[in-house]
Every structure is written in C-alpha cells, then in structure tokens.
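This report describes the strand arrangement and helix packing of the structure shown below. It proceeds from strands to helices and closes with a single loop residue.

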Amino acid sequence: MNSLEGKVALVAGATRGAGRGIAVELGAAGAVVYVTGRTTREQASEYGRPETIEETAELVNRAGGKGIPVRTDHLDPEQVRSLMNRIEAEQGQLDVLVNDIWGGEHLIEWNIPVWEQSLEKGFRMLRLAIDTHLITNHFALPLLIRSGKGLVVEMTDGTAAYNDRNYRLSMFYDLAKTSVLRMAKSLAHELRPHGCTAVAVTPGWMRSEIMLDHYGVREENWRDALEKEPHFIISETPRFVGRAVAALAGDPEAGRWNGCSVSSGELAKVYGFCDVDGSRPDAWRYIEEVQDKGKPADAAGYR
C-alpha cells in the first residue's frame, strides 16, 4: 500500500465495527483521521454500548496515525456543518471520506413482512442509514473536491450483484443497504468531473464487537462460535475491510473503481493485503457458493 502521509480522512461512524477498523488502518498508513460518532466517554448513544470515539482515536494513534475524535450526530446538519468547518480550519483539506454511519442493528425485524413491522423502527433505520450519508456528503464534498483526487467510500452490506439477486430478509434493511449502493453510483457521476472517486464497499461476515457479543465469544476465541454457527468460519476482522479502504485511498489509480461495488475479499485479491491472521477471506463468494446453497461449512478455497 502507498503511504497516506499528508492525507486527511474523515471516518463518519467510527465508534466500533467497520468504522473503527477503517480508521485504524488509515492511521497505520499515516493519515490524519477524524473519527466521529455519538458515543463518547461522557455521553452514550441509544446503542448503550461501551465503545467510544476516543478509544478509536487512541487506536489510530497507536497504529501510527493521528486520530481526532469529534462527537457528531450525522442526522443533525448543523453538527455536520460544524465538523466540516473544523476540519477545514485545522487541516485545510479532506482527501478521504468514509460514510460508515449506521446504528440500526437494534431496529431490524428479520423475516417479518412489512405490514407487520414497526413503521417507527423502520423509518428510524432508514434515517440512520441513508439521511446521515446524504447530510454528510452535502457538507463534506465541497472540501473534498478541492483536492482533485478525493475518495468517497460508501459502506454497506452486500455487493450490488448479491443484493440485486437476493432479498435481505427485511424490507427496511433491504432498502437501507441497497440505497447506499445506489448512492455511491450517483456520487460517482457527480464527482467524475472533479477527478474524484466514489466506491461502495462491503465487508464480509465481520467479527464486530456486536457480532462477537451475539455469539458469546471474543476475538481470541472466535472459533468457539462455530458450534452455534458453522458458517462463521468465513468471518473476518474489521481490520480486513480497513485494509481494503486504505488500499483504495493509497491507489493513485483509484479512479478505475469509480461507481463500482466491491467487497473486502475482492479488493484483497487485487491489492494483496491479508487479514490480521494472514488469511484472505472471500466471504461473499462463500456465501453464494456454500452457505446459500445449503452446503456444509467449509472455508477451504475461500480464505
């Protein structure tokens, strides 16, 4: 990967999960990384989880970058405007924008038809997943396009090809994740005249803090979760998709990806990076070829 020394990144939604992994890997490549989210050591979000943006910034620092935590509710235009004014005043540039804002795990109602779902929860999920990205793009892109080679990464779940062929088990969740894919495609059209690039990126089955808690394991013993879910064998750490984004950010020819939808596993093949354990899990190919076809869990040839 090329060095990101002298580059400034904003990872919107970096409290935990993919956002934290991306922030750390951008820092490891030498970038100044603004990390935003709603949970700080003084104030928690509706999640009620222990992870904070200060912790993420400290991990960025330990990785070799400069992490700057800024509490931001990306549904509030004035807070996002203030954030961008601060980045412009302190850095004078923005080279990488990662929209990883989500916050909807506790709102999903799986395998329930829309007429039986809670409209309140569904609309809240859409606001958290879509409106936040639109608001952030509105205020961040005027600064990003000044660089002439800025990168926008729209984080989602599933590639465009997979989501086009498959219903994502909940009307609101399906809309949330496919809308972000289309957003990246639209941004690619709008950014192209400015020499900038927009890409939709999805991790595979990620061992986020929430997922590890769900299976009652930690990163050190994550394989114990295979007793409950054998297909978890294809899972990856948040650092894997972080390395995918860092690779894109450091690629002088990143424009070749403009408007594309790619996964961490696909980018690993192109850029040659590995997960922290040295493997290269190709989760979406595995999901289609093994899990969705009802085959026994076996990651041979997929990581």
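## Strands 1 and 2

In strand 2, the side chains of Val32, Tyr34 and Thr36 point one way, those of Val33, Val35 and Gly37 point the other way, and all of these residues are buried. Strand 2 is thus mostly covered, with 6 of its 6 residues buried. These descriptions refer to a predicted model.

Strand 1 pairs with strand 2 in the parallel sense over 5 bridges. Within this pairing, Val8 has Val32 as its bridge partner, and Ala12 stands opposite Thr36. In strand 1, Val8, Leu10 and Ala12 point one way, whereas Ala9 and Val11 point the other way, and all are buried. Because 5 of the 5 residues of strand 1 are buried, this strand is largely enclosed by the rest of the structure.

## The sheet as a whole

Both strands belong to an open sheet of 7 strands, which has the order 3-2-1-4-5-6-7 and parallel pairing. The edge strands are strand 3 (66-71) and strand 7 (261-263), each of which pairs on one side only. From one strand to the next, the twist averages 20°.

At the strand 7 edge, 3 bridges join this strand to strand 6 (residues 197-202), and the two run parallel. Here Ala200 of strand 6 stands opposite Ser261 of strand 7.

## Helices 1 and 2

Helix 1 (residues 17-28) packs on the sheet and touches strand 1 (8-12), strand 2 (32-37), strand 4 (96-99) and strand 5 (151-155). The direction of helix 1 makes about 170° with that of strand 1. Helix 2 (residues 53-63) lies across strand 2 and strand 3, and runs at about 170° to strand 3.

The two helices also pack on each other, at an angle of about 30° and with their axes 7 Å apart. Helix 1 and helix 2 are therefore roughly parallel to each other, and helix 1 passes helix 2 in a right-handed crossing. Helix 1 contributes Arg20, Ala23, Val24, Gly27 and Ala28 to the contact, where they meet Glu55, Thr56, Leu59, Val60 and Ala63 of helix 2. The residues of this contact divide into 6 nonpolar, 2 polar and 2 charged.

## Helices 4 and 6

Helix 4 (residues 119-144) packs with helix 6 (residues 171-191) at an angle of about 15°, their axes lying 10 Å apart. Helix 4 is therefore roughly parallel to helix 6. The crossing of helix 4 past helix 6 is right-handed.

From helix 4, the contact draws on Leu119, Gly122, Phe123, Met125, Leu126, Ala129, Ile130, His133, Leu134, Asn137 and Leu141. The residues from helix 6 are Phe172, Tyr173, Leu175, Ala176, Ser179, Val180, Met183, Leu187 and Leu191. By class, the residues of the contact between helix 4 and helix 6 comprise 16 nonpolar, 4 polar and no charged.

## Asn258 in its loop

Asn258 is located in the loop between helix 8 (238-249) and strand 7. Is Asn258 buried or exposed? Its relative accessibility is 15%, and Asn258 therefore counts as buried, the cut-off for burial being under 20%. Leaving aside neighbours within four places in sequence, Asn258 is in contact with Ala188, Arg192, Cys196, Thr197 and Ala198.

Technical notes
Residues are numbered from 1 along each chain as its sequence is written. This is a predicted model: local features need pLDDT of at least 70, side-chain atom pairs count only at pLDDT 80 or more; totals for chains, interfaces and linings use all residues. Side-chain values use heavy atoms; hydrogens and water are left out. Two strands pair if DSSP finds at least two bridges between them. Helices (H or I, at least four residues) and strands (E, at least two) are DSSP runs, numbered from the N terminus. Axes are lines fitted to C-alpha atoms, for helices over the stretch in contact, and angles run from 0 to 180 degrees between N-to-C directions. Contact means heavy atoms within 4.5 Å. Buried means under 20% relative accessible area, exposed over 50%, partly exposed in between (1.4 Å probe, protein chains only). Angles under 35 degrees count as roughly parallel, over 145 as roughly antiparallel, 65 to 115 as roughly perpendicular and the rest as oblique. A crossing is left-handed if the near helix is turned anticlockwise from the far one by less than a right angle, and right-handed if clockwise. Ala, Val, Leu, Ile, Met, Phe, Trp, Tyr, Cys and Pro count as nonpolar, Asp, Glu, Lys and Arg as charged, and the others, Gly among them, as polar.
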